Amino acid sequence: MISVAIPIYNEEEILHLLHSRVSQVMNGIGEEWEVVYVNDGSRDSSLRLLLELQARDPHVVAVDPSRNWGHMGALSAGMQVARGDAVVLMDGDLQDPPEVIPEMVEAWRKGAKVVSAVRRKRDESRKYLLVLFALFYRILGALSDFPIPLNSGIFGLMDRQALDSFNALQEYNRYLPGLRAWIGYPTAIVYYDRKDRAGGEGKLSFVSRIKYALDAITSFSYKPLRLSFALAIPAMALAIVLAIILGVTGNLNSAAGVATAILFAGGVQLFCVGVLGEYIGRIYDEVRRRPISLINAVHRTQAVAPAASKEEMPVAA
């Protein structure tokens, strides 16, 4: 079975079009399938429309969380409910075209356990977002301590084993494309052109996008913490040079003396903050409780007990 998990928030205008396109694509794949719609506290008639779809189409699973949990909360609920051997994640605004799903499924059939959909280009009526996205991916690419496919969002596929590993992570602030790459497993990439919304307005606020960007950077990079070291060293070096110059010239009452004192004090403070940041970074790792390793496969002889089932994986070591 293949599952498609889609968060829904106030999408009454395009819900029937969304389901029509998803159904058309999934019926042509030749596998048993389901589509898990997660109503993320919609204030319009989205939940009623989902229940109507569920009553007419047995492929539909309608999930109604206790309240609005945000984009990642809704996605997490969909991943927990999905029963498929492979699970496709996509947004409900049709910017992620369902017609790309067969390419993902084909990559999965060839052995990929994680398939990331990477955007070749992006159609966006809100032009300022094009600038912000380009800036974000440049910053993420420069800062990330771990290789993450850039221009990749939630649109993608995970095999059941990869999904179980993902669901086992206990982080609260999640950047899904980064974690999807971090868990490992054989990975494939498909390319597509991201469309503009099929209707209605974007549901993610500017503040929500900023928070998501910060989750991405802080989850996969210590470089902002280590920036204190980078600033401290030249500041302290400049302070020492100025002190030597002042000592040689004997001009200890000039403005340069004040600048020297400020640079040296600031350098020491930045150095101390950098050391503190290193310890906080390590505490941060422990608080996130990511497993130190994930098992991809267990090879045994027939004389040994059977390999663990998918439900028993992943095993943290």
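A residue is taken as buried when its relative accessible area is under 20%. In this predicted model, buried residues account for 44% of the 317 residues in the protein. The exposed surface of the protein comes to about 16400 Å², of which carbon and sulfur atoms supply 61%. The secondary structure consists of 10 helices and 7 strands. Among contacts in the protein with a separation of 6 or more, 82% are between residues 24 or more positions apart.

Helix α1 comprises residues 15-27. With 13 residues at 1.5 Å a residue, helix α1 should span 18 Å, and its end C-alpha atoms are 18 Å apart, so the expected span and the model agree. The buried residues of α1 are L15, L18, H19, V22, S23, V25 and M26. These residues lie on the same side of α1, because they cover an arc of only 165° around the axis. Q24 and N27, on the other side of α1, are exposed. The packing partners of the buried residues of α1 include three strands and two helices by name: β1 (2-8), β2 (33-39) and β3 (60-63), together with α2 (46-56) and α4 (101-109).

Strand β6 spans residues 152-159 and is mostly covered, with 8 of its 8 residues buried. Strand β4, formed by residues 86-89, pairs with β6 in the antiparallel sense over 4 bridges. Within this part of the model, A86 has D159 of β6 as its bridge partner.

Note on methods:
Residues are numbered from 1 along each chain as its sequence is written. This is a predicted model: local features need pLDDT of at least 70, side-chain atom pairs count only at pLDDT 80 or more; totals for chains, interfaces and linings use all residues. Side-chain values use heavy atoms; hydrogens and water are left out. Buried means under 20% relative accessible area, exposed over 50%, partly exposed in between (1.4 Å probe, protein chains only). Two strands pair if DSSP finds at least two bridges between them. Contact means heavy atoms within 4.5 Å. Accessible areas come from the Shrake-Rupley method with a 1.4 Å probe; for residues, only the protein chains shown count as cover. The expected span of a helix is 1.5 Å times one less than its number of residues. The arc is that of the directions from the helix axis to the C-beta atoms.
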